[in-house]
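Colleague: Could you take me through this model and tell me what stands behind each label you use? I would like to see the values set against the cut-offs.

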Amino acid sequence: MTLRHSVLLVLTDPIVYPPVIPYGVGILRSALTNNVVDSSVIWPHLDGSALNIIREHLHAERPAIVGFSFRNLDMAGFHFSDTGEDHFLNELKALVAEAKNAGSLAIIGGSGFSISPCEILEYVGGDVGFVGPSETHFAEFCRRIIKNGASPKAALLGLSSGFWVGETAPTLQCLPLLAPAGADCRTVEYAKLVGGMVPLRTKSGCSSKCAYCVVPNIEPLTLRPWQDIRDELRCYVDAGLGSRIFIADGEFNLP
């Protein structure tokens with residue numbers, strides 16, 4: 001039997017327009033690299049049949065852990081006809097089932113997940129959820145399982161942003177914000193090919209409490225050090241994407 005020692009990161013957002021580099025999973029991959037954990041990234045809705053794509057990768061890589069991340073819960077794009085009422089949880093549920101049938105641990109996260117983590121985790125059949133910007137905790141969780149052989153529940157001990165299915169979701173934590181270690185070659189070529197944009201965050205969350213906005217409830221206000229922002233900007237400029245950068249903060253002018 002092949003030793004399971006890797007993590008497969010899956011961007012599950014089915015909306016691929018407007019085209020944006022999968023920033024969140026890139027950050028997760030950097031955190032895993034910092035913890036000496038092998039990982040790969042797939043964007044199954046970009047390549048065709050999402051179920052077929054994930055089956056191929058599960059068969060080829062036999063990952064110990066599959067991390068599903070999504071930034072939006074609804075299916076709305078940039079069209080006036082979109083109501084925002086449609087969601088893709090049934091599609092996500094099918095992808096999670098593929099991972100679990102392959103013997104992998106299914107982890108759910110992302111800003112869209114943090115809107116209603118307990119209900120979403122139970123509905124899609126995931127094993128563990130992480131709320132808020134929790135890349136450091138997610139990477140440590142994976143390291144404990146893959147490097148130390150810990151059980152999933154033991155690996156969650158002390159990680160305040162993670163919870164097991166059936167448990168109460170934890171309170172949001174202000175954790176360090178990381179950046180992608182480098183511009184992924186595949187996503188760079190994708191951005192160049194289709195005219196896509198390159199996101200960059202200077203902070204997470206917001207300190208305001210506007211009644212119409214979910215951001216304060218899913219991401220506590222956390223600022224990134226300027227040196228980290230500068231290094232990330234340099235990475236994208238060196239990759240030839242300097243003219244495509246946009247600030248991916250929910251509220252750019254705060255605090």
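Modeller: Gladly! Let's start with S160, which is found in the loop between α7 and β6. Before going on, this is a predicted model, in which local features need pLDDT of at least 70 and side-chain atom pairs count only at pLDDT 80 or more, while totals for chains, interfaces and linings use all residues. Residues are numbered from 1 along each chain as its sequence is written, and side-chain values use heavy atoms, with hydrogens and water left out.

Colleague: What do the names of helices and strands rest on?

Modeller: They are DSSP runs, numbered from the N terminus: H or I with at least four residues for a helix, E with at least two for a strand. On that basis the chain comes to 10 helices and 10 strands.

Colleague: Why is S160 called partly exposed?

Modeller: Buried means under 20% relative accessible area, exposed means over 50%, and partly exposed is in between, with a 1.4 Å probe and protein chains only. S160 has a relative accessible area of 30%, so it is partly exposed.

Colleague: And which residues does S160 touch?

Modeller: Leaving out residues up to four places away in sequence, S160 touches H137, P170, T171 and Q173. Contact here means heavy atoms within 4.5 Å. As for S134, it is 26 residues from S160 along the chain, and their C-alpha atoms are separated by 9.1 Å.

Colleague: H137 brings us to α6. What makes α6 largely enclosed?

Modeller: Of its 14 residues, 10 are buried, so α6 is largely enclosed by the rest of the structure. Among them are H137, F138, F141, C142 and R144. What covers the buried residues includes β1 (6-11), α1 (23-34), β3 (65-69), β4 (105-109), β5 (128-130) and α7 (152-155).

Colleague: How do you know that the reach of α6 is close to the expected one?

Modeller: The expected span is 1.5 Å times one less than the number of residues. For α6 (residues 135-148) that gives 20 Å, and the helix reaches 19 Å from its first C-alpha to its last. Just after α6, G149 takes a positive phi of about 75°.

Colleague: C142 is in that buried set. What makes C142 count as buried, and how many disulfides are there?

Modeller: C142 has a relative accessible area of 0%, so it is buried. A search of the whole structure finds zero disulfides, a disulfide being a pair of cysteine sulfur atoms within 2.5 Å. Take C206: the closest cysteine sulfur, in C210, is 6.3 Å from its own, too far for a bond. C206 is buried as well, with a relative accessible area of 9%.

Colleague: Now α10. Why are its buried residues said to be on the same side?

Modeller: In α10, I229, E232 and Y236 are buried. They cover an arc of only 65° around the axis, which puts them on the same side of α10; the arc is that of the directions from the helix axis to the C-beta atoms. An α-helix has 3.6 residues a turn, so residues three or four places apart point the same way. On the other side of α10, W226, R234 and D238 are exposed.

Colleague: Why does E232 count as buried?

Modeller: Its relative accessibility is 4%, so E232 counts as buried. Residues up to four places away aside, E232 touches Y23, A179, P180, P199, L200 and R224. The elements covering the buried residues of α10 include α1, β7 (198-200) and β10 (245-247).

Colleague: On to the sheet. Why are β2 and β6 said to stand at the edges?

Modeller: Six strands form an open sheet in the order β2-β1-β3-β4-β5-β6, with mixed pairing. β2 (38-42) and β6 (162-164) each have a single partner strand, so one side of each is left without a neighbour in the sheet.

Colleague: What makes two strands a pair?

Modeller: DSSP has to find at least two bridges between them. Five bridges join β1 to β2, which run parallel, so by the definition of at least two bridges they pair. Within this pair, V10 stands opposite I42 in β2.

Colleague: Which helix touches β1, β2 and β3?

Modeller: That is α3 (residues 50-61), which packs on the sheet, with its direction at about 170° to that of β1. Axes are lines fitted to C-alpha atoms, for helices over the stretch in contact, and angles run from 0 to 180 degrees between N-to-C directions. Helix α4 (residues 89-101) lies across β3 and β4, running at about 170° to β3.
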